[in-house]
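Reader: Got a minute to walk through this one with me? Let me pull it up first.

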2 protein chains.
Amino acid sequence: MVTIQDVAKAAGVSPMTVSHVINDHPHVKSETRERVLRAIDELDYRVNVAARNLRTGRTGTIGLAVPEIDRPYYGQLAAEIIKVAAGHHLRVAIEQTGASREGELAALALSRNRLYDGLILSTVGLGPADTDLLRVDHPVVILGERIFDGPVDHVAMPNSEGARAATRHLVERGCRRVALIDGPQRGEVDVSSLRYDGYREALDEAGLPFDPRLVAPIEQLTMEQGAAAARRLAGSGGGFDGVFCVTDTVAIGALRGLADSGLRVPHDVKVIGFDNIAEGAYSVPSLSSIDPDHALMAGTAVGFLVKRMAEKGRARQAPREFVSPFSLVARESTGG
Amino acid sequence: MVTIQDVAKAAGVSPMTVSHVINDHPHVKSETRERVLRAIDELDYRVNVAARNLRTGRTGTIGLAVPEIDRPYYGQLAAEIIKVAAGHHLRVAIEQTGASREGELAALALSRNRLYDGLILSTVGLGPADTDLLRVDHPVVILGERIFDGPVDHVAMPNSEGARAATRHLVERGCRRVALIDGPQRGEVDVSSLRYDGYREALDEAGLPFDPRLVAPIEQLTMEQGAAAARRLAGSGGGFDGVFCVTDTVAIGALRGLADSGLRVPHDVKVIGFDNIAEGAYSVPSLSSIDPDHALMAGTAVGFLVKRMAEKGRARQAPREFVSPFSLVARESTGG
DNA sequence: TTGTAGGCGTTATCAT
DNA sequence: ATGATAACGCCTACAA
């Protein structure tokens with residue numbers, strides 16, 4: 001293996017000078033720099049990142065823990081975060097938590113191994129009871145739900161507000177029997193609970209009665225379960241003319257399930273999702289949704305993290321919280 | 001920061017003994033082990049991965065370079081690879097190459113920085129001309145296309161065979177004017193060229209004439225361009241009753257474009273894609289596709305890489321190639 | 001502008 | 001079964 005020493009010898013300088021050249025330090029005579037660069041090129045020298053990490057105490061990599069990278073929402077989020085992180089000269093390693101509390105705790109533990117300079121954790125399973133576990137002395141940013149006033153920075157979605165807007169949109173389009181396909185509620189502040197709240201509020205505002213038969217709960221936020229839930233709703237005979245789905249992925253499944261049941265969207269039933277994933281613009285019919293501005297969320301999350309990583313010692317700022325704004329995207333599935 | 005030294009002191013042993021305990025070496029008296037573990041727990045000690053990497057020369061992380069992680073195909077591939085890699089106690093860091101030759105070369109350079117123990121590179125832009133650039137002395141596995149007899153291991157898709165089967169399927173379902181939405185052809189052996197070949201072969205086999213007006217080329221394999229290409233085909237007046245799309249993502253866009261053009265699938269036009277991404281099962285109509293067995297490909301790629309990583313010095317095996325088998329999944333879009 | 005010394009935290013090797 | 005020693009390759013601090 002070629003080391004800095006070898007390069008130094010070949011270039012007739014000290015190892016330090018080579019280091020200076022590598023790290024673009026200003027005080028190197030350009031002639032010396034040339035000589036060193038030539039030696040680097042000839043020997044095909046590569047810095048040993050492990051050695052640099054050990055010496056500097058940083059790795060240049062941040063972790064991104066998401067439930068499952070193959071869900072469109074997280075893929076699109078990851079793409080954004082990787083792009084933004086690259087602008088800060090940071091690499092991104094992806095961990096899959098499997099949408100479980102255990103997986104999320106495992107991701108936290110990894111960053112404590114100092115494998116990453118910081119961690120962006122997209123939580124689903126952690127709740128207020130886990131506040132203490134987040135009290136780690138490594139930079140962590142929570143992304144996704146508005147969990148609670150935890151000890152760490154937090155980039156949140158406008159869950160209940162967005163859900164309320166989505167449900168109201170259905171009502172404005174003439175729906176009077178609005179169903180909900182909702183995810184697992186594991187606490188008071190997870191994504192499903194918050195969006196459920198927004199749904200309920202919108203019904204109240206519109207003066208529409210809440211009918212429990214119009215709520216179809218699912219265990220996982222997948223297309224498969226979205227389709228199954230839609231078929232259940234269609235088969236239950238409850239009669240409904242609109243559905244708010246807890247996520248777009250679920251909604252795309254629901255579109256499929258409604259088609260299976262012979263219901264036409266938007267003619268018989270109007271459908272709206274949440275997240276505005278790219279696929280929603282291309283489904284048939286195209287999917288109305290709540291757009292929480294992913295790019296802004298990704299940029300803010302990385303920004304928070306970078307700021308934390310720059311903090312020296314105990315000069316800690318108080319935890320920050322950012323709630324993304326949102327907009328409603330009306331497409332064919334609500335008759336738009 | 002708590003180091004092995006601190007633990008050693010607290011437990012009244014030498015640092016080496018702590019190391020032995022951490023690494024599960026056999027010759028440690030269980031009483032000693034207990035004492036050390038207790039000290040580790042009390043001090044909340046975490047191994048310093050950078051130091052370990054420097055000492056062992058390995059990082060425990062492999063790189064996965066894909067064009068864009070937010071394309072469903074690559075998201076699903078990444079999820080598989082992360083799962084398999086975890087079984088080998090390997091983490092996966094994801095690089096996005098932007099589907100460009102430069103991006104792919106950059107990913108190669110990173111692994112040469114010894115950031116990763118190995119690299120799985122999903123190529124789109126590299127071609128036969130780049131053979132020399134792949135001649136690196138770090139474990140690399142090429143994944144995706146059947147590029148060429150390069151100097152590295154290669155897990156390939158059955159591109160032309162699959163494309164032939166897809167096109168044949170359309171013919172068998174009664175199509176006589178089969179269109180192709182094809183991606184950018186940048187050489188003789190990229191994914192678009194190979195699938196184009198399969199399309200042509202199937203037409204020949206069926207005794208159908210090749211009509212260049214039925215080929216709609218696109219620059220990027222996105223839903224957007226798939227939709228645009230379908231609209232172009234519909235507007236050109238060439239008359240077609242089937243479309244083979246170079247990927248499922250493109251096909252889902254095409255379904256949208258056909259709907260925009262007032263063409264019904266499968267009644268007026270039948271559609272088939274390639275990749276069998278999860279979304280295809282839930283589109284309306286559901287999408288027929290070629291399924292190349294992602295899990296097998298992912299498992300094989302990681303297997304190849306792990307084997308390479310275990311090779312000592314110059315005892316190199318010859319490059320291996322694996323071409324995944326495939327199956328055809330007939331769904332609604334071809335009248336299934 | 002360039003060089004010297006020292007150590008980051010861990011583990012391989014070789015003793016005992 | 002446990003430990004002493006010596007690196008791994010780099011960079012911070014200081015010196016020249």
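Reader: Which elements each supply at least two residues of the surface near DNA strand D?

Author: They are α2 (15-22) and α4 of chain A together with α2 (15-22) and α4 of chain B. Helices here are DSSP runs of H or I with at least four residues, strands are runs of E with at least two, and both are numbered from the N terminus. Before we go on, this is a predicted model, where local features need pLDDT of at least 70, side-chain atom pairs count only at pLDDT 80 or more, and totals for chains, interfaces and linings use all residues. Residues are numbered from 1 along each chain as its sequence is written, chains are lettered from A and ligands numbered from 1 in the order in which they are written, and side-chain values use heavy atoms, with hydrogens and water left out.

Reader: OK, and which residues come nearest to strand D?

Author: Of the 23 residues around DNA strand D, the nearest are I4(A), Y45(A), T17(B), H27(B) and T32(B). A residue is near a strand if one of its heavy atoms lies within 4 Å of it.

Reader: What's the split between sugar or phosphate and bases there?

Author: Sugar or phosphate accounts for 66% of the atoms of DNA strand D within 4 Å of the protein, and bases make up the rest.

Reader: Which side chains have an N or O atom by a phosphate oxygen of strand D?

Author: R52(A) is one, with a side-chain N or O atom 2.7 Å from a phosphate oxygen. T32(B) is another, and its side chain puts an N or O atom 2.4 Å from a phosphate oxygen of that strand. The backbone takes part too: an N or O atom of K29(B) is 2.7 Å from a phosphate oxygen of DNA strand D. A polar contact here is a pair of N or O atoms within 3.5 Å.

Reader: Now strand C. Which residues come nearest?

Author: T17(A), T32(A), R55(A), I4(B) and Y45(B), out of 23 residues around DNA strand C. Of the strand C atoms within 4 Å of the protein, 62% are sugar or phosphate and the rest are in bases.

Reader: Which element gives the most to that surface?

Author: That's α4(B), with three residues. Those supplying at least two each are α2 and α4 of chain A together with α1 (4-11), α2 and α4 of chain B.

Reader: And where are the phosphate oxygens of strand C relative to Y45(B)?

Author: A polar side-chain atom of Y45(B) is 2.3 Å from one. For H27(A), a polar side-chain atom lies 3.1 Å from a phosphate oxygen of strand C, while a backbone N or O atom of S14(A) is 2.8 Å from one.

Reader: How do the residues of that surface divide?

Author: Near DNA strand C there are 10 nonpolar, nine polar and four charged residues. In this scheme Ala, Val, Leu, Ile, Met, Phe, Trp, Tyr, Cys and Pro are nonpolar, Asp, Glu, Lys and Arg are charged, and the others, Gly among them, are polar.

Reader: Switching topic: what turn lays chain B on chain A?

Author: A turn of 180° with a shift of 0.1 Å along the axis, giving an RMSD of 0.2 Å. That is the relation of a two-fold axis. In chain B, A93(B) has the C-alpha nearest the axis, 2.0 Å from it. Both copies use the same surface, as 100% of the contact residues of chain B recur in chain A. The superposition is by least squares on C-alpha atoms of residues with pLDDT of at least 70 in both copies, and contact means heavy atoms within 4.5 Å.

Reader: How many cavities of 30 Å³ or more turn up?

Author: Nine, from a search of the whole structure. The largest has a volume of about 230 Å³. Of the 20 residues lining that largest cavity, T61(A), L115(A), N53(B), T61(B) and L115(B) are the closest to its centre. A cavity is a set of points, on a 1 Å grid over the protein atoms alone, where a 1.4 Å probe fits but cannot get out, and lining residues have an atom within 4 Å of a point. Points are joined across faces, edges and corners, and a volume is the space filled by probe spheres set on them.

Reader: Any backbone oddities? Which peptide bond is cis in chain A?

Author: The one from V284(A) to P285(A), with omega near -5°. P285(A) sits in the loop between β9 (270-272) and β10 (289-291) of chain A. In chain B, the bond from V284(B) to P285(B) is cis, with omega near -5°.

Notes
1 Å grid on protein atoms, 1.4 Å probe; cavity = no way out; pocket = protein on both sides within 12 Å on 5 of 7 lines; lining within 4 Å. Polar contact = N/O pair within 3.5 Å; in protein donor to acceptor, adjacent residues only side chain to side chain.
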